[in-house]
Amino acid sequence: MATAAQNDVPAGTRGSYHFPPGFERNLLWMALRRLRPANPIVLFQQLARDYGEIAHYKLAWNHIIFLNHPDYIREVLVVQNDNFTKERTVQRTKMLLGEGMITSEGAQHRQQRQVAQPAFHRQRIPEYASAMVDEAVRMRESWRDGEERDIAIDMMHLTLNVVARTLLATDLREEARELADAINRIMGLYNFLVMLPAAEWLVHARPPGLAAFVRARKRIDAVVYRMIEAHRRERSDSGSLLDLMLAAAPEHTPASEQSLRDQVITIFLAGYETVANALSWTWYLLSQNPACERHFHAEIDRELQGKHPSFEDVPRLRYVEMVLAESMRLYPPAWAMGRRARHDFQLGDFFLPAKTTVLISQFVTHRDPRYFPDPLRFDPERFTPEAKARRAKFTYFPFGAGFRQCIGESFAWMEGVLLLATLGQKWKLALVPGHQVEPEPLITLRPKYGMHMRIEARQSAINEPPGTIRPHVA
Ligand code: HEM
């Protein structure tokens, strides 16, 4: 870790506290002077560029520390994790997620994680593979050669159906569109809602500007309550995550119904947005890097020999996994994480007060040239086993770390590899010329203008089951 003396700007000492260097001016002042950066990633990049591994600023009366060094990141997420809760932005997502596994704390979080754990157990994961491939085959059969599609929307529908079928044992079909649409509306309002003081109260009071949020949330709730009801009626015991959640909440009080709803929505949102965005960015990056794209397709053809992929193929689709890993380096779906200190704490040479917010950004650390030379270059070879072993830990952490690390990590790797391989077996995706691509940091890192791509048939041999219509190959 750097010491204060290594930095140009002298660190501040207030009372007994010792703050790292950083912005002299309160960010609120800068915001009032319209100096607010266009998005938080720009702010984080500036902090990393100007102050290095640890930086401090204030927003109103809040102390905020931004970290960009693996030792500091490990210290907060792992070593001192008992001293931290999720920070305010996460707390604000409670307006949508309620008290699910992402937002809950302490005993409630532990209980929810314990209930869910068996559904993510290593032994359960293979069962999900065939449903994943099935959904991807359904999608690839609906695409037509030469058509232009918003792949970001397709990936959302695909992963929403996957999470519903596998973890929640529900066939959503048309409701997937309704859900994705309602969640999109909420995302559009998200920046506004997290910035606005007392937004929770305003949502409750239903001012006209926020009616869209309330309506969208109602639509999501309706789908979720229908799912819960259907499972109860059928007394399903598929062992799905939803069954586990229902079994853990046998009583039907309004509070327990609300809690079930919160947990299900959390799984939906955590389980589909992230993977969908990872896939959209991957298609984009492949389209911009023809040599990697050829390697990707060659591996799929060689390893699958024209048959549908299965769980057993996943370890052999190594390059596909490396492509996905490199894509999540450049465009990490979870682009930042925040914590809030319960008590005063020591971090390296600095002593910081309780209630300090600590921010960490995968987007910034994953693009740091110290850990990833020539960081903007797309290079899946950074993820060979040897290259990974050489790199310091906590320089690449798309799934977080410590006891709040993503519960769906193994699920997500397998899903990503299988969906990419199934779609890539039949199609090549080319960016529509002139389509603007820009990351937008909402709850996850979305392509701001969608991802408009042209679907092009590949000339690889696919052993289709009888009766499957093969697209015209130009
Ligand atoms: C590419 C895909 C994914 C990425 C990049 C991702 C990323 C993350 C990250 C960074 C965290 C930790 C947040 C923090 O510590 O503040 C997290 C937590 C979580 N993720 Fe994922 N995730 C992905 C897929 C999934 C999937 C498929 C599920 C399954 C439903 C899932 C469910 C969750 C849950 C429930 C948590 C909260 C865990 C806890 O706090 O105990 N995620 N995810």
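A polar contact is a pair of N or O atoms within 3.5 Å; within protein, one must be able to donate a hydrogen and the other to accept it, and residues adjacent in sequence count only if both atoms are side-chain atoms. The model is predicted: local features need pLDDT of at least 70, side-chain atom pairs count only at pLDDT 80 or more, and totals for chains, interfaces and linings use all residues. Residues are numbered from 1 along each chain as its sequence is written, and side-chain values use heavy atoms, with hydrogens and water left out.

**Exercise 1. Find which side chains have an N or O atom close to an oxygen atom of the ligand.**

Step 1. Take R404. An N or O atom in its side chain is 2.8 Å from an oxygen atom of the ligand.

Step 2. Take R113. Here the distance from a side-chain N or O atom to a ligand oxygen is 2.6 Å.

Step 3. Turn to the backbone. A polar backbone atom of A270 is 3.5 Å from a nitrogen atom of the ligand.

**Exercise 2. Describe the shell around the ligand by residue class.**

Step 1. Count the shell (residues with a heavy atom within 4 Å). There are 27 residues around the ligand, and H109, R113, R339, R404 and C406 come nearest.

Step 2. Sort them. The shell has 17 nonpolar, 6 polar and 4 charged residues. Ala, Val, Leu, Ile, Met, Phe, Trp, Tyr, Cys and Pro count as nonpolar, Asp, Glu, Lys and Arg as charged, and the others, Gly among them, as polar.
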